[in-house]
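Colleague: Could you take a close look at one part of this model for me, setting it first within the whole and then following its surroundings outwards? Please keep the reasoning explicit wherever a conclusion depends on it.

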Amino acid sequence: MKAYLQLIRAPNGITAITNIVAAAAIVSGGQLTWQLLYLVIASMCFYYAGMALNDCLDFSEDAQERPFRPLPSGQISLASAQMLVAVLFCIALGACYLFNPNNLTSLVLGVCLTLSIVLYNGVFKQGLLGAFTMASCRLFNWLLGASFVTVTTAQLDIFFALLIASPIFFYISAVTFLSKQETHASNKNTLLVVELLLALAYLPLVYLHWSVFQLSGWSSLVSWLLLTVAALFLLQRFVLLTTNFTPKQIQLTIKWMIIAVIPFDAMLVAMAGHYAIALMLLVLLLPCRFLAQKLYMT
């Protein structure tokens, strides 16, 4: 069982859940219903299918550089992993359809997410293009969460959904681009690109604060406090990484940034004024951190 949990990077899937809940909460004004469970299941299955597919396609490389992983070590056969990928994709797409059979928006987004996952793992994996392709997977995951609104309204406001998803797009682009250095740490200039991408993630957050959520009074103060704390935490991490640019430190930073997706999502929900849901998302840090101590995330 542990080998399969390693294969799918079990802790990481919790961050996919918070993407879905955060997006749904924002677009629905915090009016969540039980149907959201379909999208949560779909999102987790998409994420885990992508992780397993990654190891299937990287089998030869992992045999040389990461022989301890479940496939090259022989703990799981390649055929079993491929079957798992197919089953997870089928469950995910089925859940997208069952969420709202009368409106196929979620299913269409699920198909787009599937294509993005396959394109990243099989075609566009290297360089900045690879980082953007991976980020598009998170983007479609956020849009999948935003499609929750089709339960109560006729259609999804795609422009608003893209706006609230843009911070996570640039954030995940930064994480993915940095991850290319986790084995050899051969190019410290990568940090400049990563820091630029993080700045691009921060800008739409400021725009959301001023022009979309139109916060005032103490809610505005809370929002600015959250944005400042987030920036300071990232700054502290990257000062440390600049002075110690090693594979181990890069892996620790990536692990921290993946887990930080949870408070990142909670921050967006809090900025939108849904504090109870934001606190609920933060609770998911507990199982994520617990699993991260037992299983690798990168």
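**A covered helix and its surroundings**

Modeller: Of the 298 residues in the protein, 52% are buried, a value that, like the others here, comes from a predicted model. The fold contains 14 helices and zero strands, and from the N terminus onwards the elements therefore read α-α-α-α-α-α-α-α-α-α-α-α-α-α. The radius of gyration is 19 Å, close to the 19 Å that the globule rule gives for 298 residues, so the protein is as compact as a globular protein of that length. Its C-alpha trace spans about 55 × 50 × 35 Å along the principal axes, and the accessible surface comes to about 13,400 Å², with 69% of that area belonging to carbon and sulfur atoms. Among the contacts between residues at least 6 apart in sequence, 75% join residues that are at least 24 apart.

The part I would look at closely is helix α2, residues 10–27. Its 18 residues should span 26 Å at 1.5 Å a residue, and the C-alpha atoms at its ends are 27 Å apart, which agrees with that expectation. What sets the character of α2 is its burial: 18 of its 18 residues are buried, so the helix is largely enclosed by the rest of the structure.

The stretches on either side of α2 deserve some care. Ahead of the helix, R9 sits in the loop between α1 (2–7) and α2, and its phi is near 55 degrees, a positive value in a residue other than glycine. The general background is that most residues other than glycine have a negative phi. R9 counts as buried because its relative accessible area is 2%, against a cut-off of under 20%. Just after α2, G29 takes a positive phi of about 70 degrees, in this case at a glycine.

Further along, the loop between α2 and α3 holds T33, which is partly exposed, with a relative accessible area of 35%. The side chain of T33 makes a polar contact with that of Q35 at 2.6 Å. T33 also has a C-alpha to C-alpha separation of 9.2 Å from F148, a residue 115 places away along the chain.

One residue that reaches α2 from elsewhere in the sequence is N141, which belongs to helix α7, residues 127–146. α7 has 20 residues and extends 29 Å from its first C-alpha to its last, close to the 28 Å expected at 1.5 Å a residue, and it is mostly covered, with 16 of its 20 residues buried. N141 itself is buried, at a relative accessible area of 5%. Its side chain comes to 3.4 Å from the backbone oxygen of A16, and A16 is within the residue range of α2. Once neighbours within four places in sequence are set aside, N141 is in contact with A16, N19, I20, S43 and L113.

For the nonpolar packing, the largest core has 94 residues, of which F46, W142, Y171 and L178 touch the most other members. The greatest contribution to this core comes from helix α3 (residues 36–57), with 13 residues. Apart from it lies another core, of five residues, including I14, I259, I262 and C288; I14 also falls within the range 10–27 that defines α2. Such grouping is in keeping with a general tendency: in soluble globular proteins, nonpolar side chains tend to be buried together.

L178 gives a sense of how one of those well-connected members is surrounded, since beyond four places in sequence its contacts are T190, L191, V194, F238, L241, I250, T253, I254 and M257. Among these partners, T190 is placed in helix α9, residues 190–212, and is buried, with a relative accessible area of 4%. Leaving out residues up to four places away, T190 touches F177, L178 and Q181, while its C-alpha atom stands 9.9 Å from that of S179, 11 residues away along the chain.

A contrast to this covered setting is S60, in helix α4 (residues 59–65), which counts as exposed at 57% relative accessibility. S60 and T150 are 90 residues apart in sequence, with their C-alpha atoms 43 Å apart in space.

Definitions and conventions: Residues are numbered from 1 along each chain as its sequence is written. This is a predicted model: local features need pLDDT of at least 70, side-chain atom pairs count only at pLDDT 80 or more; totals for chains, interfaces and linings use all residues. Side-chain values use heavy atoms; hydrogens and water are left out. A nonpolar core is a set of buried Ala, Val, Leu, Ile, Met, Phe, Trp, Tyr and Cys residues joined through side-chain atoms within 4.5 Å. Buried means under 20% relative accessible area, exposed over 50%, partly exposed in between (1.4 Å probe, protein chains only). Helices (H or I, at least four residues) and strands (E, at least two) are DSSP runs, numbered from the N terminus. Contact means heavy atoms within 4.5 Å. A polar contact is a pair of N or O atoms within 3.5 Å; within protein, one must be able to donate a hydrogen and the other to accept it, and residues adjacent in sequence count only if both atoms are side-chain atoms. The expected span of a helix is 1.5 Å times one less than its number of residues. The radius of gyration is taken over C-alpha atoms; the globule rule is 2.2 Å times the number of residues to the power 0.38. Accessible areas come from the Shrake-Rupley method with a 1.4 Å probe; for residues, only the protein chains shown count as cover.
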